[in-house]
Amino acid sequence: MVLDVKPEQITKDHFDLVAIGSGFGSAFFLHEFAKRRKARILVLEWGRHNTHEWQLEQNVNTDIEDETTYKTNSNKPWNYTIGLGGGTNCWFAQTPRFHPNDFRLKSTYGIGNDWPISYDDVEPFYCDAEDIMSISGDPDMAAMLPRSKPFPQPPHRMSTPDRMMKAAQPGQHFVMPTARARLPTSQRTSCCANLRCWLCPVDAKFTVNNGLMHVFEHPDVSVCLGAEVRRLDHVGGAVRSVTFRHDGKEYQVSGDLFILGANAIQSAAIMLRSGLGGEFVGSGLHESYGWNFEVYLDGVDNFDGSTITTGLNFGLYDGPHRSEHAAALVYFENRWQHGLRAEKGRLRQALPLVVVTEDLLDPENLTRMRMPSSASRRHRTMR
Ligand SMILES: Cc1cc2nc3c(=O)[nH]c(=O)nc-3n(C[C@H](O)[C@H](O)[C@H](O)COP(=O)(O)OP(=O)(O)OC[C@H]3O[C@@H](n4cnc5c(N)ncnc54)[C@H](O)[C@@H]3O)c2cc1C
Ligand code: SF4
């Protein structure tokens, strides 16, 4: 293991596997790969290794501000973390699985596209990932999202509004599955509802720092930090080497296999910069979009659950309406993001909800290398 190998030590070297980025995609891939195969592995990571202690002291996830890593013609920010562990540092650790019909949207509802794989194909891998992150979840959810193994941890404690919804809709209201520990693990304390999960003060949510550092400390793995990958160099359609920038200088390493895990924006930028753009590369950027609401309750107190988001309601999720409207997940919040209710004796009689939908692929939402035209909605332009 060499955590922070210098570029001069590896330039022109050859590796069995070169992974670009060290967030969710790369870290989970390498976790499994290093168990199965003996190989010389190099990780090229743009950011530094910012420990949990460093992040808490600085009150940030990284020293590289994400808006310095792209230019855009829209006022919409795109958030991610540049640094070892990528989005595992800043995520909120909500972990609902996809619904079986999400994989067959076109054939069931005549909209979007079907995936080439089904829920049943990915189910065992969901279980593996949930084990790694010690996911806490509601066993009742298996009736809607079938499981071959129980959740690794028991569910969080519901709030009173959750309990009422569960009684009214037992098949559609569940405790939110989450990587915010319900019970302490060997690496993490239990979640105590501090409600600032982008940087958990008690280290209760799963991150690479507390759950997958063994991947980057593995004897077969070298990690080059501060290495911003610029291009993949290819011959006859096969990638042979990668060019990265470190302290203003360019270096190259070659490899047999390349894993591009530099997030949805930067991975597309690397491919476009490399002349590997096809019809779809960088196009159809989309995301989960949450609308915030606050419900005033009549004589019911909220905020007695054991984590930041306690309930997940599927009442507006699956059904024929999906041919015309997006499926909506409703998050029942145990945090007072709109403040407490300003009425004597009714401080806790409020229920924040987030209604989360996902837009369809839209070719006008894209990452590209030149200045976009004014017609496009949500461009990112890469340097
Ligand atoms: C504030 C926030 C909260 C979120 N909460 C949730 C949640 O609760 N549940 C959920 O499911 N999802 C959540 N997400 C989304 C989730 O974090 C992402 O979907 C996930 O991180 C994507 O994984 P990835 O491996 O594609 O990229 P990332 O995890 O972003 O990893 C990309 C890696 O590549 C590196 N990199 C980038 N460019 C280069 C380059 N040119 N050269 C070398 N390295 C590079 C980065 O430093 C990083 O290490 C949240 C995201 C944010 C921003
Ligand atoms: S709710 Fe609090 S304790 Fe739980 S993961 Fe979020 S910040 Fe950490």
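In this predicted model, Gly275 lies just after helix α9 and takes a positive phi of about 75 degrees. At the other end of α9, its start, a side-chain oxygen of Asn263 comes to within 2.8 Å of the backbone nitrogen of Ile265. The buried residues of this helix are Ile265, Gln266, Ser267, Ala268, Ala269, Ile270 and Arg273. Of these, Gln266, which is found in α9, has a relative accessible area of 4% and therefore falls under the 20% limit for a buried residue. The side chain of Gln266 is in polar contact with that of Tyr80, at 2.9 Å.

Helix α9 also takes part in the surroundings of ligand 1. The shell around this ligand receives at least two residues from each of α2, β3, β7 (228-235) and α9 (263-273), and α9 is the element that gives the most, with three residues. In total, 28 residues surround ligand 1, and the closest of them are Gly25, Glu45, Gly87, Gln94 and Val229. Sorted by class, the shell holds 13 nonpolar residues, 13 polar residues and two charged residues.

Backbone atoms of the protein approach ligand 1 at several positions. For Val229, a backbone N or O atom is 2.9 Å from a nitrogen atom of the ligand. A polar backbone atom of Trp46 is 3.2 Å from a nitrogen atom of ligand 1. At Ser22 the partner on ligand 1 is an oxygen atom, which lies 3.3 Å from a backbone N or O atom of the residue. Ligand 1 taken alone exposes 1,000 Å², and 75% of that area is buried by the protein.

Strand β7, one of the contributors to the ligand shell, pairs with strand β8 (residues 238-246). The two run antiparallel and are joined by seven bridges. Within this pairing, Asp233 has Ser241 of β8 as its bridge partner. Two residues separate the strands in the hairpin of β7 and β8, where Gly236 adopts a positive phi near 55 degrees.

On leaving this hairpin, the chain continues through β8 to a further pairing. Strand β8 is joined to strand β9 (residues 249-260) by six bridges, and these strands are likewise antiparallel. Here Arg245 stands opposite Glu250 of β9. The hairpin of β8 and β9 has two residues between its strands, and Asp247 takes a positive phi near 50 degrees there.

Asp247 differs from Gly236 in that its positive phi occurs in a residue other than glycine. Most residues other than glycine have a negative phi. Asp247 sits in the loop between β8 and β9 and has a relative accessible area of 72%, so it is exposed. A further residue that is not a glycine, Asn59, has a positive phi of about 60 degrees. Asn59 is placed in the loop between α3 (52-58) and β4 (71-72). The relative accessibility of Asn59 is 40%, and the residue therefore counts as partly exposed.

The nonpolar interior was examined next. The largest nonpolar core has 43 residues, and Leu30, Phe216 and Phe314 are those with the most contacts inside it. At least two residues of this core come from each of β2 (14-20), α2 (24-36), β3 (41-45), α5 (119-132), α8 (213-216), β6 (221-225), β12 (329-333) and β13 (350-358). The greatest contribution to this core is from α2, with four residues. Helix α2 and strand β3 thus appear both among the suppliers of this core and among those of the shell around ligand 1. Another core lies apart from the largest one and has 18 residues, among them Cys224, Ala227, Ala262 and Ile270. Ile270 is also listed with the buried residues of α9.

Trp291 is found in strand β10 (residues 288-296). With a relative accessible area of 51%, Trp291 is exposed, because the limit for that class is over 50%. Trp291 and Pro177 are 114 residues apart in sequence, and their C-alpha atoms are 20 Å apart in space.

Note on methods: Residues numbered from 1 in each chain as written. Chains lettered and ligands numbered in written order. Predicted model: local features only at pLDDT ≥ 70, side-chain atom pairs only at ≥ 80, totals over all residues. Heavy atoms only, no water. Core = buried A, V, L, I, M, F, W, Y, C linked by side-chain atoms within 4.5 Å. Buried < 20%, exposed > 50% of the residue type's maximum accessible area, 1.4 Å probe, protein only. Near = heavy atom within 4 Å. Polar contact = N/O pair within 3.5 Å; in protein donor to acceptor, adjacent residues only side chain to side chain. Areas by Shrake-Rupley, 256 points an atom, 1.4 Å probe, with all protein chains shown as cover. Nonpolar A, V, L, I, M, F, W, Y, C, P; charged D, E, K, R; others polar. Pairing = 2+ DSSP bridges.
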